[in-house]
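Me: Hey, can you walk me through this structure? I'd like to start with a single residue and work outward.

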Amino acid sequence: MELAQYNEPLSNKEADPALGFLTRKETEVKLPRPTRVKNKTPAPVQITAEQILREARERQEAEIRPPKQKIIDAEELAEHRLRKRKEYEDLIRRVRWNTSVWVKYAQWEEIQKDFPRARSIWERALEVDYTNATLWLKYTEMEMKNKFVNHARNVWDRAVSLLPRIEQLWYKYIHMEEMLGNIAGARQVFERWMTWEPDHHGWAAYIKFELRYNETDRARSIYDRYVECHPGDKAWIRYAKFEVKNGEIARGRQCYERSMEQLGEDGQTEELFVAFAQFEERCKELNRARVIYKYALDHTPKGKADTVYQKFVQFEKQYGDREGIENVIVGKRRFQYEDEVKKNPLNYVSWFDYVRLEESVGDKEKVREVYERSISNLPPAQEKRYWQRYIYLWINYALYEELEAEDYGRTRDVFKACLSIVPHAKFTFAKIWIMAAQFEIRQKDLKAARNILGNAIGRAPKDKIFKTYIEIELQLGNINRCRTLYEKYLEWSPASCYAWSKYAELERSLGETERGRSIFEIAIAQPLLDMPELLWKGYIEFEISEGEHDRTRKLYERLLDRTKHLKVWVSYAKFEAAVPLEEEARAEEEGRGPDIAKAAGQAQERAQRARGVFERAYESLRTVSPEQKEERALLLEEWKETERNFGEFGDLAAVQRKLPRKVKRKRPIISEDGTPAGFEEYTDYIFPEETGMAPNLKILEAAYKWKRQKTGSDDEA
């Protein structure tokens with residue numbers, strides 16, 4: 001009755017097949033309830049990981065080991081074997097797929113010398129997973145170790161039949177037969193393996209096997225089958241080296257030649273070429289080796305010929321002359337450039353390098369060929385930025401024909417072809433027009449040069465073309481042509497202050513003062529000018545150099561009507577301070593010293609005139625643009641320096657009373673999105689006349705601050 005109670009099955013709520021006779025409640029691990037940490041401050045003595053590990057090792061209990069069992073009779077041995085077999089069988093039922101369990105079980109039976117049982121276990125394991133090579137290897141190892149040769153041979157035969165792609169099985173099988181002295185059997189196994197067409201290692205093992213027994217003819221026949229199975233450079237190189245090693249030089253050369261024929265251009269690699277060339281080099285056939293290297297360089301893709309180039313250079317350094325070495329190096333670089341321009345024909349940098357290489361060699365026809373190929377690659381679009389580098393190919397081509405080849409007819413043709421392909425309606429290159437004209441001048445054909453420059457002005461006028469053409473005519477003394485060119489220049493670009501100034505300077509240099517003055521008058525009357533300040537400066541300097549001081553003053557006044565810029569005021573004041581008066585000029589012309597009294601009066605008059613200009617400038621800046629305090633401060637500094645230069649006639653104290661006081665202030669920085677980004681420091685100037693306004697400014701500042709605070713409080717409400 002009690003046994004029945006114990007044998008009653010557990011309820012479904014408590015029973016769990018994975019836990020055996022235990023319930024989940026009995027196997028639960030009860031963790032201590034986490035306590036709340038009240039004091040989170042670090043302890044005075046910190047516990048390290050090393051300390052934890054050391055204490056755990058010290059507190060670890062001794063390992064419990066099962067007692068040793070001594071078997072004293074056959075009955076106990078039988079019991080022990082029965083118990084072990086039951087353990088292994090139970091383990092196999094649980095983990096049938098685990099290979100190591102089967103191996104241990106079979107090896108245990110082997111130790112017990114129960115070979116039939118061990119074989120049975122191996123067979124059962126192979127039924128589970130026959131694709132596992134380890135099982136086959138362990139199985140045959142047991143048979144061989146215990147000298148069951150036929151059993152081992154049968155197992156090997158089954159293994160290689162089921163798993164013919166596992167090389168280790170074949171190697172072990174063949175090794176066993178060879179160790180037993182069964183050479184014919186090993187050869188038969190090799191033949192069976194070769195029918196599956198293994199990789200290079202399998203064929204190499206078969207060949208080495210035959211060579212170990214001095215079967216050279218058999219090895220040669222195997223090589224013939226090998227190169228048919230693997231028709232590549234590796235197999236042919238091995239075949240040729242085999243023949244060379246056996247002293248068959250002719251057969252080795254024949255192997256290389258057959259490989260070249262059978263592989264074709266697609267299968268020929270740099271390794272094959274290098275091996276062939278080195279073979280001929282060892283045979284002292286230097287010319288044949290050189291021909292092979294050159295053939296390889298001509299038929300190998302550019303990016304895959306580095307080794308060939310390197311070996312060829314070494315070959316030429318050892319057996320060739322200096323010219324041969326240079327040809328090899330040039331050939332290597334030529335192939336590199338050919339590869340680059342083939343990948344990207346619009347890579348003009350590579351074309352430049354390629355051309356320089358050919359120019360260094362000196363072959364004119366080759367240089368011209370490269371130039372023609374390079375200039376045939378037009379830029380992809382008619383935009384000047386694409387043409388800026390391309391156009392220098394034409395320039396270098398023309399310079400090469402003129403300076404190196406000294407073929408002036410071809411040089412002229414290059415310039416004409418270049419000018420014909422440039423889309424002058426959209427953009428042009430003044431450099432090409434000018435270089436073509438200068439070339440004709442060097443050939444003493446002035447008419448052709450004028451035609452080129454005139455054509456340039458008519459089709460694509462540019463400042464540089466006008467300047468160069470005018471300079472050429474001026475050097476030749478053709479003044480009328482220069483005037484005509486300046487007129488065309490100004491018709492094309494009436495806003496060019498440079499052209500107006502240079503035209504007026506030309507007339508002045510010819511003594512045509514009135515013409516120069518008229519040109520300046522027309523220039524300043526233009527509605528649009530690119531650099532009017534330079535034009536006015538040139539006109540003023542023109543009048544000063546002519547000694548027309550009254551005209552100069554009028555010019556300054558006219559300029560001040562247009563602009564009140566600080567530099568204009570300072571220049572005007574310095575002119576008044578430095579201009580000589582009539583008495584000084586007359587005394588200088590007569591070659592006598594000026595009267596001291598009159599000189600003093602004139603110096604005082606200069607000081608008054610300059611002071612008057614400074615006062616006008618100061619009042620203008622103060623009233624018209626009071627925010628430009630820095631300009632006023634600079635004006636006062638110039639004024640002070642001028643008064644100091646006047647010496648006894650200067651009024652330095654009056655200027656110093658006007659000098660401002662510098663203060664450092666901060667102002668807010670507003671970012672692009674309107675948010676404040678901090679403050680920046682700047683220098684402010686406080687002038688003496690602003691000091692009396694300070695109380696009023698403080699009142700205004702306090703009122704503004706109150707208003708801002710009130711606005712903020714209203715927004716918050």
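**Chatting through the model**

Reply: Sure. This is a predicted model. Let's begin with Tyr348, which sits in helix α19, residues 348-361.

Me: Is Tyr348 buried or exposed?

Reply: Tyr348 is buried, because its relative accessibility is 7% and buried means under 20%.

Me: OK, and what is Tyr348 in contact with, leaving aside neighbours within four places in sequence?

Reply: With that limit, Tyr348 is in contact with Asn377, Leu378, Pro379, Tyr386, Arg389, Tyr390 and Leu393. Take Arg389: it is 41 residues from Tyr348 along the chain, yet the two C-alpha atoms are separated by 7.0 Å.

Me: Cool. Switching to cores: how many residues does the largest nonpolar core have?

Reply: The largest nonpolar core has 92 residues, and Leu535 and Leu635 have the most contacts inside it. Helix α24 gives this core its largest share, 8 residues. There's also a second, separate core of 73 residues, with Ala125, Leu163, Ile174 and Met260 among them.

Me: What's around Leu535, again leaving aside neighbours within four places in sequence?

Reply: Leu535 is in contact with Cys497, Trp500, Ser501, Phe520, Ala523, Ile524 and Leu529.

Me: You mentioned α24. Where does Ile441 lie, and is it part of a surface patch? Which residues make that patch?

Reply: Ile441 lies in α24, which covers residues 430-442. Together with Leu446 and Leu476, Ile441 makes a nonpolar surface patch of about 210 Å². Ile441 itself is partly exposed, at 33% relative accessible area.

Me: New topic, salt bridges. How many are there?

Reply: The structure holds 43 salt bridges. One of them joins Glu123 and Arg158, with the closest N and O atoms 2.8 Å apart. Glu123 is in helix α6 and Arg158 in helix α8, so the pair ties together parts that are 35 residues apart in sequence.

Me: Where do the partners of the Glu507 and Arg483 bridge lie?

Reply: The closest N and O atoms of Glu507 and Arg483 are 2.9 Å apart. Glu507 lies in helix α28 (residues 497-509) and Arg483 in helix α27 (residues 479-492), so this pair ties together parts that are 24 residues apart in sequence. Both Glu507 and Arg483 are buried.

Me: Which residues are joined into one network by salt bridges that share partners?

Reply: That network joins Glu365, Arg368, Glu401, Asp407 and Arg410. Within it, Arg368 and Glu365 form a salt bridge whose closest N and O atoms are 3.5 Å apart. They both lie in helix α20, 3 residues apart, about one turn of the helix. Arg368 is buried at 12% relative accessible area, whereas Glu365 is exposed at 55%.

Me: Now strands. In which sense do β1 and β2 pair?

Reply: β1 (residues 661-670) and β2 (residues 676-686) pair in the antiparallel sense, over 9 bridges. For example, Arg665 has Tyr682 in β2 as its bridge partner. The two strands form a hairpin with 5 residues between them, and Gly674 in the turn has a positive phi of about 90 degrees.

Me: How many residues of β1 are buried?

Reply: Among the 10 residues of β1, the count of buried ones is 1, so β1 is hardly covered.

Me: Last one: which loop is Lys113 in, and what's its phi?

Reply: Lys113 lies in the loop between α5 and α6. Its phi is near 65 degrees, a positive value in a residue other than glycine. Lys113 is exposed, with a relative accessible area of 58%.

Key
Residues numbered from 1 in each chain as written. Predicted model: local features only at pLDDT ≥ 70, side-chain atom pairs only at ≥ 80, totals over all residues. Heavy atoms only, no water. Patch = residues over 30% accessible without salt bridge, like charges linked within 9 Å, V, L, I, M, F, W, Y side chains within 5 Å. Areas by Shrake-Rupley, 256 points an atom, 1.4 Å probe, with all protein chains shown as cover. Salt bridge = Lys/Arg side-chain N within 4 Å of Asp/Glu carboxyl O. Helix = DSSP H or I, 4+ residues; strand = E, 2+ residues; numbered from the N terminus. Buried < 20%, exposed > 50% of the residue type's maximum accessible area, 1.4 Å probe, protein only. Core = buried A, V, L, I, M, F, W, Y, C linked by side-chain atoms within 4.5 Å. Contact = heavy atoms within 4.5 Å. Pairing = 2+ DSSP bridges.
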